[in-house]
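User: I should like to go through this structure and ask on what grounds each description of it rests. Please set every value against the criterion that applies.

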Amino acid sequence: MSFLWAIIAGLVIGLLAKLVVPGRQPIPLWLTVLLGIVGAVGGNALATAFGVRDTGGVDWIRHLFQIGIAAALISFVAPMWARRRA
């Protein structure tokens, strides 16, 4: 069941990251989900390193880290994917 939650979280984080990145990102949905999952794992690790992974309420900083890392990955991968498809 945790695998299903990872896919759902990757989808949400990946789509939010695509909204943050300016311009059009011509990458498929499966790659958006994959980069969202990687962003979620990286954001959790970064939040743990800063000591803000588990707070008393909603972990906004952790979520911002996750979306930020996913956005950086999408910004890096999208131009390479567009060149590959051209």
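User: Which residue follows H2, and what is the sign of its phi?

Analyst: Gly-51 follows H2, and its phi is positive, near 75°. The model is a predicted one, and the angle is computed from its coordinates.

User: How do you know that the length of H2 agrees with the span expected of a helix?

Analyst: H2 has 22 residues, which at 1.5 Å a residue should span 32 Å. The end C-alpha atoms of H2 are 31 Å apart, which agrees with that expectation.

User: What span does H1 reach, and what is expected of it?

Analyst: H1 comprises residues 2–20, 19 residues in total. From the first C-alpha to the last, H1 reaches 26 Å, close to the 27 Å expected at 1.5 Å a residue.

User: Which residues of H1 are buried, and what puts them on the same side?

Analyst: Gly-10, Ile-13, Gly-14 and Ala-17 are the buried residues of H1. They cover an arc of only 105° around the axis, and therefore lie on the same side of H1. An α-helix has 3.6 residues a turn, so residues three or four places apart point the same way. On the face turned away from the buried side, H1 carries the exposed residues Trp-5 and Leu-19.

User: Why is Leu-35 called buried?

Analyst: Leu-35 is located in helix H2. Its relative accessibility is 8%, and the term buried applies under 20%; Leu-35 therefore counts as buried. Other buried residues of H2 include Leu-31, Gly-39, Ala-40 and Asn-44. Between the C-alpha atoms of Leu-35 and Gln-25, 10 residues apart along the chain, the separation is 13 Å.

User: Is Arg-53 buried, exposed or partly exposed, and what makes it so?

Analyst: Arg-53 belongs to the loop between H2 and H3. Its relative accessible area is 36%, whereas buried requires under 20% and exposed over 50%; Arg-53 is therefore partly exposed. Arg-53 and His-63 stand 10 residues apart in sequence, with 9.2 Å from C-alpha to C-alpha.

User: Why does Ala-71 count as buried, and how far is it from Ala-17?

Analyst: Ala-71 is placed in helix H3. Because its relative accessibility is 8%, and the limit is under 20%, Ala-71 counts as buried. Ala-71 and Ala-17 are 54 residues apart in sequence, yet their C-alpha atoms are 4.5 Å apart in space.

User: What makes up the largest nonpolar core?

Analyst: The largest nonpolar core has 14 residues. Such a core joins buried nonpolar residues through side-chain atoms within 4.5 Å. Those with the most contacts inside it are Ile-13, Ala-17, Ile-27, Leu-31, Leu-35 and Ile-74. H1, H2 and H3 are the elements that give two or more residues to this core, and H3 gives the most, with seven residues. In soluble globular proteins, nonpolar side chains tend to be buried together.

User: What lines the largest pocket, and how much space lies in it?

Analyst: The largest pocket holds about 210 Å³ of space. Its lining has 13 residues, and Ala-9, Ile-13, Ala-40, His-63 and Gln-66 lie nearest its centre. H1, H2 and H3 each supply at least two residues of the lining, with the largest share, five residues, coming from H1.

User: How do the residues of that lining divide by character?

Analyst: The lining of the largest pocket divides into nine nonpolar residues, three polar and one charged.

Note on methods. Residues numbered from 1 in each chain as written. Predicted model: local features only at pLDDT ≥ 70, side-chain atom pairs only at ≥ 80, totals over all residues. Heavy atoms only, no water. Helix = DSSP H or I, 4+ residues; strand = E, 2+ residues; numbered from the N terminus. Expected span 1.5 Å × (residues − 1). Buried < 20%, exposed > 50% of the residue type's maximum accessible area, 1.4 Å probe, protein only. Arc of directions from axis to C-beta. 1 Å grid on protein atoms, 1.4 Å probe; cavity = no way out; pocket = protein on both sides within 12 Å on 5 of 7 lines; lining within 4 Å. Points joined across faces, edges and corners; volume = space filled by probe spheres on them. Nonpolar A, V, L, I, M, F, W, Y, C, P; charged D, E, K, R; others polar.
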